[in-house]
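This report introduces a protein structure to a reader who has not met it before. The sequence and the model are shown first, and selected features are then described in turn.

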Amino acid sequence: MNKEIHTQYMREAIRLANENIKNGGGPFGAIIVKDDKIVGSGVNRVTAGNDPTAHAEVNAIRQAAQHLKTFDLSHCTIYTSCEPCPMCLGAIYWARISTIYFGNTKQDAAHIGFDDQFIYDEIEKPLTVRKIPTQQLLKHEAISTFNHWAASDDKIEY
């Protein structure tokens with residue numbers, strides 16, 4: 001793909017972000033492209049839908065996965081108006097998206113109140129010192145679920 005095509009796709013993600021602001025959403029937009037076709041798009045609807053997971057990238061991934069009828073989005077590219085947050089970056093990796101293009105940086109987002117550095121910091125901390133108390137419970141019972149799945153002949157690995 002040439003630079004002009006990448007530019008057009010990024011402009012579409014930015015257009016979606018700007019349109020979303022007018023519709024009561026956050027300033028984020030994303031599209032997913034496969035074989036030179038947009039297969040998914042999303043905007044930030046966190047406050048509009050009272051869903052903290054409704055980030056543009058996650059919504060675009062959901063739409064692309066439904067459209068393509070697969071959870072494996074390898075050979076897809078995501079264009080997002082801002083560098084993905086930790087949740088979205090995790091979703092992008094789980095979806096196996098091949099390439100990420102972004103407009104604004106996470107520092108740009110922090111300057112307007114979307115600072116996710118604390119999440120990166122928390123991930124690096126031991127469980128015992130994180131801001132949200134976290135502790136393991138019933139491991140010996142919970143592991144049976146993993147053992148059951150591992151032994152299953154009809155599982156779909158991802």
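Beyond its neighbours within four places in sequence, Thr-80 is in contact with Met-10, Ala-13, Gly-29, Ala-30, Glu-57, Tyr-101, Phe-102 and Gly-103. The model in which these contacts are found is a predicted one. Thr-80 belongs to strand β3, which covers residues 77–82. Its relative accessibility is 0%, so Thr-80 counts as buried. With one of its contact partners, Glu-57, Thr-80 also forms a polar contact between side chains, at 2.8 Å.

**Cysteines**

How many disulfides does a search of the whole structure find? The search finds zero. A disulfide requires two cysteine sulfur atoms within 2.5 Å, and two cysteines illustrate how this condition fails. The sulfur of Cys-76 lies 16 Å from the closest cysteine sulfur, that of Cys-88, and is therefore too far away for a bond. For Cys-82, the closest cysteine sulfur is in Cys-85 at 8.9 Å, which is also too far for a bond. Both residues are buried, as the table shows with their relative accessible areas.

| Cysteine | Closest cysteine sulfur | Sulfur–sulfur distance | Relative accessible area |
|---|---|---|---|
| Cys-76 | Cys-88 | 16 Å | 0% |
| Cys-82 | Cys-85 | 8.9 Å | 4% |

**Helix α4**

Helix α4 spans residues 86–95, and its buried residues are Pro-86, Cys-88, Ile-92 and Ala-95. An α-helix has 3.6 residues a turn, so residues three or four places apart point the same way. The buried residues of α4 pack against two helices, α3 and α6, and against the strands β3 and β4, the latter comprising residues 99–104. Just after α4 comes Arg-96, which takes a positive phi of about 65°.

**The largest pocket**

The largest pocket has a volume of about 350 Å³. Which residues lie nearest its centre? They are Phe-28, His-55, Cys-85, Phe-114 and Asp-116, out of a lining of 18 residues. Three helices each supply at least two residues of this lining: α3 (56–68), α5 (106–111) and α6 (117–124). By residue type, the lining divides into eleven nonpolar, two polar and five charged residues. Helices α3 and α6 thus appear in two parts of this description: the buried residues of α4 pack against them, and each supplies residues to the lining of the largest pocket.

Definitions and conventions
Residues numbered from 1 in each chain as written. Predicted model: local features only at pLDDT ≥ 70, side-chain atom pairs only at ≥ 80, totals over all residues. Heavy atoms only, no water. 1 Å grid on protein atoms, 1.4 Å probe; cavity = no way out; pocket = protein on both sides within 12 Å on 5 of 7 lines; lining within 4 Å. Points joined across faces, edges and corners; volume = space filled by probe spheres on them. Helix = DSSP H or I, 4+ residues; strand = E, 2+ residues; numbered from the N terminus. Nonpolar A, V, L, I, M, F, W, Y, C, P; charged D, E, K, R; others polar. Buried < 20%, exposed > 50% of the residue type's maximum accessible area, 1.4 Å probe, protein only. Polar contact = N/O pair within 3.5 Å; in protein donor to acceptor, adjacent residues only side chain to side chain. Contact = heavy atoms within 4.5 Å.
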